[in-house]
Structure formats: C-alpha cells, structure tokens
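Here are a few exercises to work through with the model open beside you. Try each task before you read its solution.

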Amino acid sequence: PAVVGELAKKMLGFNLTTKQTPKDGVKVKTVMVAEALDISRETYFAILMDRACNGPVMVGSPKGGMDIEEVATTTPELIFKVCSFLFVLIMDILSD
C-alpha cells in the first residue's frame, strides 16, 4: 500500500494500450485506486447501443468480467444479448 502513490505517479502521462484503445493507446490523465477484494465469481453485464437493435441492448455473460473479449472469442454462446423492449415501447408511444 505504501508504494501505490508512487506507482500511480509513474503511470500518469504514459500511453495505455488495450483492446479497447486505438493502436497508439490513450494518454493516462487519471489513475483510480481502490481496495483489492477477493472475487469468487465474475459476471458481465452492460447496456450498450446496438445498430442491429436500433437502440440499447442488454449484454450479459455468466463467464464474463475483466476478460469479456476472451469469452466472446472462445465461448461466444455464453454471451447473451437482449434488445431493450423499453426503448421500443417508448418509440411506439411517441410515434402515435
């Protein structure tokens, strides 16, 4: 815990490169520090905009978590998508 501040300072200003960033990465402007927890099981849930659904879609996986891209590659059948019925309902109401 004593070296966390120094490690965070060393990250500032450098480029972070991940699967979600552009090829050259993104400059680190802020570092968030949180207490580490023992995690017994990771899941994944997100609400994303999806062109195929023409609006928000709920995406979830019982196998997801930090490596959802790996889950998508190796076991795509474990990723579930549901188009948001609420968006469709609102659009239907507004079109009347």
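A residue is called buried when its relative accessible area is under 20%, exposed when over 50%, and partly exposed in between, using a 1.4 Å probe and protein chains only. The model is a predicted one, in which local features need pLDDT of at least 70, side-chain atom pairs count only at pLDDT 80 or more, and totals for chains, interfaces and linings use all residues. Residues are numbered from 1 along each chain as its sequence is written, and side-chain values use heavy atoms, with hydrogens and water left out.

**Exercise 1. Find how many residues of E4 are buried, then place E4 in its sheet.**

Step 1. Helices (H or I, at least four residues) and strands (E, at least two) are DSSP runs numbered from the N terminus. Strand E4 spans residues 55–61, and six of its seven residues are buried.

Step 2. Two strands count as paired if DSSP finds at least two bridges between them. E4 sits in an open sheet of three strands with the order E3-E4-E5 and antiparallel pairing. The edges are E3 (44–50) and E5 (80–83), each of which pairs on one side only. From one strand to the next, the twist averages 25°; this uses axes fitted as lines to C-alpha atoms, with angles from 0 to 180 degrees between N-to-C directions.

Step 3. Now count bridges. Seven of them join E3 and E4, and Tyr44 stands opposite Ser61 in E4. Four bridges link E4 to E5, where Val57 has Cys83 as its bridge partner.

Step 4. Look at the turn. E3 and E4 form a hairpin with four residues between them, and Asn54 in that turn has a positive phi of about 60°.

**Exercise 2. List the salt bridges and say where their partners lie.**

Step 1. Start with the rule: a side-chain nitrogen of Lys or Arg lies within 4 Å of a carboxyl oxygen of Asp or Glu. Side chains of opposite charge can pair when their charged atoms come close. The count here is two salt bridges.

Step 2. One joins Glu6 and Lys9, at 3.9 Å from N to O. Both residues belong to helix H1 (residues 4–11), three residues apart, about one turn of the helix. Glu6 is partly exposed because its relative accessibility is 46%, while Lys9 is exposed at 57%.

Step 3. Asp50 and Lys81 form a salt bridge too, with their closest N and O atoms 3.0 Å apart. This pair links distant parts of the chain, as Asp50 is in strand E3 and Lys81 in strand E5, 31 residues apart. Asp50 counts as buried because its relative accessibility is 15%.

**Exercise 3. Which residues form a nonpolar patch on the surface?**

Step 1. Patches take residues with over 30% relative accessible area and no salt bridge, joining like charges within 9 Å and nonpolar side chains (Val, Leu, Ile, Met, Phe, Trp, Tyr) within 5 Å.

Step 2. Ile90, Met91 and Leu94 form the patch, with about 300 Å² of accessible area together. Areas come from the Shrake-Rupley method with a 1.4 Å probe, and for residues only the protein chains shown count as cover.

Step 3. Take Leu94, found in helix H3 (residues 85–95). Leu94 counts as exposed because its relative accessible area is 63%.
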